[in-house]
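User: I would like to go through this model with you, one topic at a time. Please have a look at it first.

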Amino acid sequence: MLELALKGSPRYWGWLFFLAILIGAGVITYLYQFQIGLGITGMSRDVSWGLYIGQFTFLVGVAASAVTIVLPYYLHNYKKYGRIAIIGEFLAIPAILMCMLFIFVDLGQPMRVLNVLLHPTPNSVMFYDMIVLSGYLILNILCGWVILMSEKKGAPPPRWIKPFLYIAICWAPSIHIVTAFLYQGLPGRDYWMTAIMAAKFLSSAFASGPSLLVILCMLIRKFTNFDPGKEAIQTLAKTAAYFLLVTIAFYLFEVFTAFYSGITSHQYSIIYLFKGLEGYSKLVPVMSICVLLAAIGVLILVTPPLRKWEVTLAIGAASTFLCMWLEKGITLVVGGFIPNAFDRVFEYWPTLPETIITIGVWSFGFFVLTILYKIASSVKEKAIFDKYGEKQIKA
Amino acid sequence: MYDGGKIIFGLIIFIALVTLPFTLSIGKEYIKANPKIDTPEIMKLPEAERKCVESKDFMRKEHMKMLIEWRDAVVRDGKTLYVNSQGKTFNMSLQNTCMQCHSNKSKFCDECHNYVKVKPYCWDCHIEPKENIKKEAAL
Amino acid sequence: MSNINRREFLKILGIGTFMGLGGWSMFEVVGKGEIEAFAEKYKKVPEALQAKRWAMVIDLKKLDQKIIHDCTEVCHRIHNVPKILNPKEEIKWIWEEKFKNAFPEMKDDYMSPEIKNMPVLVLCNHCENPPCVRVCPTKATFKRKDGIVMMDMHRCIGCRFCMAGCPYGARSFNWKDPRQYIKNENPEFPFRMRGVVEKCTFCYERIDRGLPPACVEASNGAIMYGDITDPNSEIRKILSSNFAIRRKAKLGTKPSVYYLL
């Protein structure tokens with residue numbers, strides 16, 4: 001099936017070439033970081049995680065969100081998702097690969113990464129994160145590939161794949177719960193140490209993932225002959241709408257707990273992010289944009305006419321995705337470190353090399369995504385569906 | 001054979017790449033590793049006491065494993081003494097035991113490590129002895 | 001690795017093989033013949049100091065600028081701790097903080113400025129229940145049998161999870177090669193390399209040779225240490241007759257560093 005990725009339009013090759021250049025820039029900058037050390041980033045003794053771990057956290061959510069398509073389709077036989085199940089599964093693969101790369105580029109001694117296997121440590125949440133991420137990667141490659149392969153042949157998927165599909169559905173939330181446990185189990189980081197973290201991680205994942213899928217489906221429809229289906233896109237948008245509301249609610253629960261209880265240490269990070277603390281306010285603009293995007297997202301996704309009109313839908317989905325990215329990919333991680341253990345504020349802002357490496361990893365993800373979607377759409381373009389667009393009647 | 005030309009072309013590239021270590025060293029001088037153990041610290045010991053913690057043969061083959069074991073015993077178990085096969089005890093320390101006698105890192109360690117192109121990361125942290133640079137230059 | 005037994009070895013090997021990576025190479029690293037002979041080959045120095053759990057008492061009344069300077073100097077010198085001026089990349093094992101920063105939860109509007117700004121020496125608390133050890137994915141940081149929270153710089157992968165886990169800001173990361181920032185090196189102790197986390201190790205290298213921690217020695221009696229599980233130890237006597245506080249005790253980490261006011 002891989003040969004399908006080798007035949008494409010000049011636009012396809014141009015896009016891959018463009019991504020390859022960005023990947024190359026990332027690799028070269030990473031070699032520089034490898035030489036000098038993580039000192040080339042904006043991280044410090046006090047904000048010891050930054051953009052890299054933020055991206056990792058966010059992308060675990062994107063990967064997990066494949067379940068928002070796979071679950072309704074395989075468990076509830078929601079036929080509209082029949083055609084795009086593969087789109088979800090194939091989004092999870094590059095997302096997990098990016099997660100792994102972001103962890104890797106964040107390590108101070110990357111050559112020793114296999115120490116995690118050499119000295120397995122079950123009391124560390126990182127140990128479980130390694131297991132669930134690699135397991136989820138394998139499950140998605142397996143399920144996506146086998147089902148697409150049978151679709152190409154015009155045959156129903158083999159029966160042995162079913163248990164794997166169900167395992168993948170249960171597995172998906174676990175990857176993000178474990179990732180939340182990385183944070184919420186740490187004493188002394190009040191912004192993270194809250195039981196709602198895992199729930200908020202899942203809800204924000206199920207808002208950002210489907211909104212990304214809405215955009216990706218629109219792009220696929222525009223650039224290929226494969227149509228994911230209007231109804232499928234609408235359902236994805238509804239999923240994103242509900243989970244966006246839930247995420248905002250969860251955040252407000254947290255704000256209520258911190259401020260009504262009056263416990264100041266719980267308030268500092270929130271104050272820092274929204275108003276600034278002791279005159280330091282680098283992340284206030286980021287958080288303000290985040291709030292604005294959330295408002296746009298809610299307005300569009302919740303209002304039926306705006307959600308149904310695909311121009312506004314695209315804007316709403318993009319807003320939701322960016323909002324969640326700013327929240328989880330930057331402010332969540334950095335905010336947790338401010339103020340530090342000594343009640344002092346040391347701010348963080350990514351440096352240029354750090355940003356280039358981050359873009360490089362994202363480009364790698366989109367590179368893999370493009371190839372996978374190319375394969376999927378080439379297979380799907382040939383498949384003929386019945387007049388309701390639900391059942392494939394011919395290969 | 002379909003695409004025979006392409007396959008043969010690919011094979012040629014493959015063979016060229018695989019044999020690169022050999023082809024690159026054609027014409028290069030063959031320098032045999034020649035480690036030295038004649039440091040002043042060793043030479044001033046009486047002949048009978050010029051012995052390492054274990055036999056020369058064992059050290060040559062096993063020093064890397066031994067250093068890893070020493071490291072773990074000291075750092076992880078707080079055990080700092082090594083009892084050798086003769087029952088003699090030594091303080092386990094690369095910096096404070098090994099290199100006290102083998103004060104010639106460049107001639108003792110690097111000679112073979114360079115030859116076999118391994119780069120142990122010992123010296124990223126452990127401080128190497130200050131070698132007598134003047135003497136080296138005079139020779 | 002020297003206390004590895006056959007069962008544990010098989011366990012590690014099994015997991016390694018299960019992961020499909022490095023199964024065989026681990027066999028090589030852990031070694032075959034070595035496992036049997038371990039116990040007798042390595043010994044503690046007879047004069048090594050023993051305790052069930054080391055602890056420290058710092059008397060804030062006795063701290064003055066000279067003692068603080070002497071303690072930090074001697075610690076950082078003998079352990080080759082680099083002097084980096086940029087606060088973002090600083091590396092510290094023991095250092096001075098103001099009372100209001102070391103004990104932020106005790107901040108009070110009506111506290112006298114003298115107390116607010118009273119100097120406090122802070123270091124790793126060698127917690128009985130250390131979050132850094134809990135989160136470390138490679139056991140690079142671990143708790144010794146005598147309660148010292150140790151760092152194995154050889155094993156650290158630099159993920160900095162321990163820094164996020166430590167509520168005391170006791171850990172520093174080598175953002176760059178530290179060597180250029182060390183002026184007078186101590187040839188008896190190693191440096192660190194870039195990309196690993198480091199912190200106070202309760203002078204394990206001195207304890208294991210029968211010497212007290214260097215800061216205790218340099219503190220002119222302001223810092224005391226001993227086995228906190230031993231009711232007859234010096235520090236237990238001090239703690240039974242004085243009011244002592246610990247940093248962020250409510251977090252359940254059970255710090256082993258006590259402060260006398």
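User: Which residues make the nonpolar surface patch of about 480 Å²?
Analyst: This is a predicted model. The patch is made by B:Ile7, B:Leu11, B:Phe14, B:Ile15 and B:Val18.

User: Where is B:Ile15 found?
Analyst: B:Ile15 belongs to helix H1 of chain B, residues 4-18. In general, an α-helix has 3.6 residues a turn, so residues three or four places apart point the same way.

User: Turning to chain A, what span should helix H1 have?
Analyst: Helix H1 of chain A covers residues 10-36, and its 27 residues should span 39 Å at 1.5 Å a residue. The C-alpha atoms at its ends are 39 Å apart, in agreement with that value.

User: Which of its residues are buried, and what do they pack against?
Analyst: In H1(A), the buried residues are A:Tyr12, A:Leu16, A:Leu19, A:Ile23, A:Gly26, A:Thr29, A:Tyr30 and A:Gln33. The buried residues of H1(A) pack against three helices of chain A: H2 (51-64), H4 (85-106) and H14 (352-382).

User: What follows H1(A)?
Analyst: A:Gly37 follows, with a positive phi near 115°. A glycine with positive phi also comes just after H6(A): this is A:Gly154, at about 75°. Helix H6 of chain A (residues 125-153) has 29 residues and reaches 42 Å from first to last C-alpha, close to the 42 Å expected.

User: Back to H14 of chain A. Is A:Gly365 buried or exposed?
Analyst: A:Gly365, which is found in H14 of chain A, has a relative accessible area of 1% and therefore counts as buried, the cut-off being under 20%.

User: What does A:Gly365 contact?
Analyst: Leaving aside neighbours within four places in sequence, A:Gly365 is in contact with A:Pro94 and A:Met98. The C-alpha atoms of A:Gly365 and A:Phe17 are separated by 14 Å, with their positions 348 residues apart along the chain.

User: A change of topic: in what order do the strands of the open sheet of 3 strands come?
Analyst: The order is S2(B)-S1(B)-S1(C), and the pairing is antiparallel. The edge strands are S2 of chain B (89-91) and S1 of chain C (42-43), each of which pairs on one side only.

User: How many bridges join S1 of chain B to S2(B)?
Analyst: S1 of chain B (residues 81-83) is joined to S2(B) by 3 bridges. B:Leu81 has B:Asn91 in S2(B) as its bridge partner.

User: What lies in the loop between S2 and helix H5 of chain B?
Analyst: B:Ser93 lies in that loop, H5 being residues 94-101. With a relative accessibility of 14%, B:Ser93 is buried. Not counting residues up to four places away in sequence, B:Ser93 touches B:Trp70 and B:Cys98.

User: And chain C: how many helices and strands?
Analyst: Chain C has 11 helices and 11 strands. Of its 261 residues, 58% are buried. The chain exposes about 11600 Å², with carbon and sulfur atoms supplying 55% of that area.

User: Which residues cover the two faces of S4(C)?
Analyst: On one side C:Pro119, C:Leu121 and C:Leu123 are buried, and on the other C:Val120 and C:Val122 are buried. Strand S4 of chain C (residues 119-123) thus has 5 of its 5 residues buried.

User: In which sense does S4(C) pair with S3?
Analyst: S3 of chain C (residues 94-98) and S4(C) pair in the antiparallel sense over 5 bridges. C:Lys98 stands opposite C:Pro119 in S4(C).

Terms used: Residues are numbered from 1 along each chain as its sequence is written. Chains are lettered from A and ligands numbered from 1 in the order in which they are written. This is a predicted model: local features need pLDDT of at least 70, side-chain atom pairs count only at pLDDT 80 or more; totals for chains, interfaces and linings use all residues. Side-chain values use heavy atoms; hydrogens and water are left out. Helices (H or I, at least four residues) and strands (E, at least two) are DSSP runs, numbered from the N terminus. The expected span of a helix is 1.5 Å times one less than its number of residues. Buried means under 20% relative accessible area, exposed over 50%, partly exposed in between (1.4 Å probe, protein chains only). Contact means heavy atoms within 4.5 Å. Two strands pair if DSSP finds at least two bridges between them. Patches are made of residues with over 30% relative accessible area and no salt bridge: like charges are joined within 9 Å, nonpolar side chains (Val, Leu, Ile, Met, Phe, Trp, Tyr) within 5 Å. Accessible areas come from the Shrake-Rupley method with a 1.4 Å probe; for residues, only the protein chains shown count as cover. A salt bridge is a side-chain nitrogen of Lys or Arg within 4 Å of a carboxyl oxygen of Asp or Glu.
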